[in-house]
Amino acid sequence: MKFSYITSFILLILNCFSALGQKADTVLKSGHIDSTQIFKLFYVPVNVPAGITEIKVKEQYSNEGKNVLNMGIYAPGDYSIGKTVNFRGWSGGAKNEFFINEADASTGYIPGKITPGIWHVLIYSSTIIKAGLDWKLEISLSKTQPKKPFIIKPAKKIINQITGWYSGDLHMHTLHSDGKRTQQELVDEAVSKKLDYIISTEHNTNSANLKWGYYDPNNLLVINGEEITTTAFGHWNALGLKTKTLIDWRYTPTDKVIQRYINMVHNDGGLCIINHPFYTKDLSNGFKFDPLLFDGIEIWNGNWDFMDAKALKWWQQLLKQGNHLLAIGASDTHKATGSENNLGNPSTIVYAEGLSKEAILNGLRNRTTYISSLGKIDLIFNAQTSNGKATIGETLKVKPAGEVSANLVLKPLPNAVVTLIGEQGPLFTVKADREQYQWTIPAASTKFIRIEVRDAKDQMLILTNPIWLK
Ligand SMILES: [Zn+2]
Ligand SMILES: [Zn+2]
């Protein structure tokens with residue numbers, strides 16, 4: 001493929017967008033991205049005349065496989081960073097073409113009226129070879145028969161109001177980003193695995209959130225979220241968003257605007273979680289925003305592995321410094337069970353005043369939670385003095401010279417070991433062969449205690465959030 005060859009600078013590229021061979025309803029745009037322009041965002045303008053009812057965009061680029069070109073689109077109007085009102089979809093590197101009309105759209109994209117004016121296709125390269133990347137967009141503008149407009153249908157907010165422990169998965173993808181399942185398939189699998197709740201976290205789009213009400217059954221709570229997938233500074237999950245909320249991703253740590261987006265999530269009643277921090281090419285911590293601005297860390301992503309062990313170590317360090325950060329675990333599932341990231345493995349089990357969006361998010365905020373690859377199990381962990389008692393997520397008042405009794409109730413797990421952990425590391429490790437454990441520690445010896453249960457191969461089975469001692 002030979003396209004007009006431009007070496008650098010967005011202005012040059014914009015000037016060289018040319019209609020190469022126009023049919024009445026097809027616009028062609030092309031250009032070159034230099035290897036030095038990795039992660040640089042390009043907004044390709046497309047003039048959409050009045051009367052058009054459907055837009056189709058098809059992308060082609062050189063050395064696909066070695067190169068990756070991400071794609072999304074904005075309707076006419078302000079598309080500057082932080083302005084998401086004209087956002088009409090994002091597919092990242094997961095799709096080469098998409099369509100939008102009033103009734104329907106490709107997954108990842110938002111159905112609705114095609115406003116006349118200048119639309120902008122956003123492209124950027126996240127992987128690029130030395131020779132750079134030649135790209136071509138074929139935009140088809142057509143007039144179709146009027147169809148029934150799309151109607152937003154959010155998920156139910158309440159399943160029940162019974163206080164108890166609820167098991168769920170906080171991180172997953174469908175065809176609305178780079179997952180392989182439909183929303184229906186994901187929901188069916190969650191029900192068959194007896195999960196109580198799932199949180200939908202597509203990359204940089206809210207298109208799935210607008211539709212969960214068409215699929216959510218009466219016995220599964222679906223909570224809206226988004227995986228904010230930045231260019232090169234890490235991923236984080238916004239959990240518990242309102243249906244139409246979209247959190248922008250187009251900024252860097254040096255822009256110093258992250259707090260604004262965290263506030264948006266908190267204003268919706270949600271939580272901000274750092275995702276898979278060590279899932280990077282060189283296995284270093286790839287999360288480049290200030291971790292202390294966030295509510296928690298996904299320390300366990302899919303099957304337990306050395307990257308999770310690194311995340312656990314980081315979290316322990318942050319706890320030791322006195323930061324009350326929530327630890328969560330989630331599958332980050334993309335495919336049906338049988339893949340390396342199976343839905344519900346691990347799950348995060350939350351103590352909540354009901355199976356509702358508000359109660360589950362409150363439970364996560366209270367950090368009365370544990371992570372498990374064994375699903376929901378009866379686990380009771382508390383710390384006690386002669387004056388009081390506290391459970392996971394709570395703070396127990398202690399006297400510096402006093403003692404604390406740590407108590408755990410858990411079904412016997414053959415070949416596993418239970419460890420009580422404090423700020424300096426393991427305090428006691430014993431075989432997980434009984435139903436009750438009791439340890440006594442000096443109150444001044446640690447700021448917190450927490451539990452880990454591992455199997456004979458040192459794979460994590462259960463991990464609780466800490467009880468704080470003050
Ligand atoms: Zn991610
Ligand atoms: Zn993900």
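# Exercises on two zinc sites and a sheet

The zinc ion (ligand 1) is coordinated by Glu227 (OE), His235 (ND1) and His276 (NE2), at 2.0 to 2.2 Å. The model is predicted, local features need pLDDT of at least 70, side-chain atom pairs count only at pLDDT 80 or more, and totals for chains, interfaces and linings use all residues. Residues are numbered from 1 along each chain as its sequence is written, chains are lettered from A and ligands numbered from 1 in the order in which they are written, and side-chain values use heavy atoms, with hydrogens and water left out.

**Exercise 1.** Determine which residue coordinates both zinc ions, and state whether Glu227 is buried or exposed.

*Solution.*
Step 1. Donors are N, O and S atoms within 2.8 Å of the metal (3.2 Å for Na, K and Ca); water is not among the atoms, so sites may look incomplete.
Step 2. For the zinc ion (ligand 2), the protein donors are His171 (NE2), His173 (NE2), Glu227 (OE) and Asp332 (OD), at 2.1 to 2.3 Å.
Step 3. Glu227 coordinates both ions, which are 3.5 Å apart.
Step 4. Buried means under 20% relative accessible area, exposed over 50%, and partly exposed in between (1.4 Å probe, protein chains only). Glu227, at 1%, is buried, whereas His235, at 21%, is partly exposed.

**Exercise 2.** Classify the arrangement of the four donor atoms around the zinc ion (ligand 2).

*Solution.*
Step 1. Four donors count as tetrahedral if all angles lie between 85 and 135 degrees; four count as square planar and six as octahedral if opposite donors are over 155 degrees apart and all others between 65 and 115; anything else is irregular.
Step 2. The angles here run from 79 to 167°, and the arrangement is therefore irregular.
Step 3. His171 lies in the loop between strand E10 (164-169) and helix H2 (183-192), and Asp332 in the loop between strand E16 (326-330) and strand E17 (347-352), so the pair ties together parts that are 161 residues apart in sequence. Both His171 and Asp332 are buried.

**Exercise 3.** Identify the strands at the edges of the sheet E2-E7-E4-E5.

*Solution.*
Step 1. Helices (H or I, at least four residues) and strands (E, at least two) are DSSP runs, numbered from the N terminus; two strands pair if DSSP finds at least two bridges between them.
Step 2. The four strands form an open sheet with antiparallel pairing.
Step 3. Strands E2 (42-48) and E5 (87-92) stand at the edges; each has a single partner strand, so one side of each lacks a neighbour in the sheet.
Step 4. Three bridges join E4 (residues 68-74) to E5, and Gly72 stands opposite Trp90 in E5.
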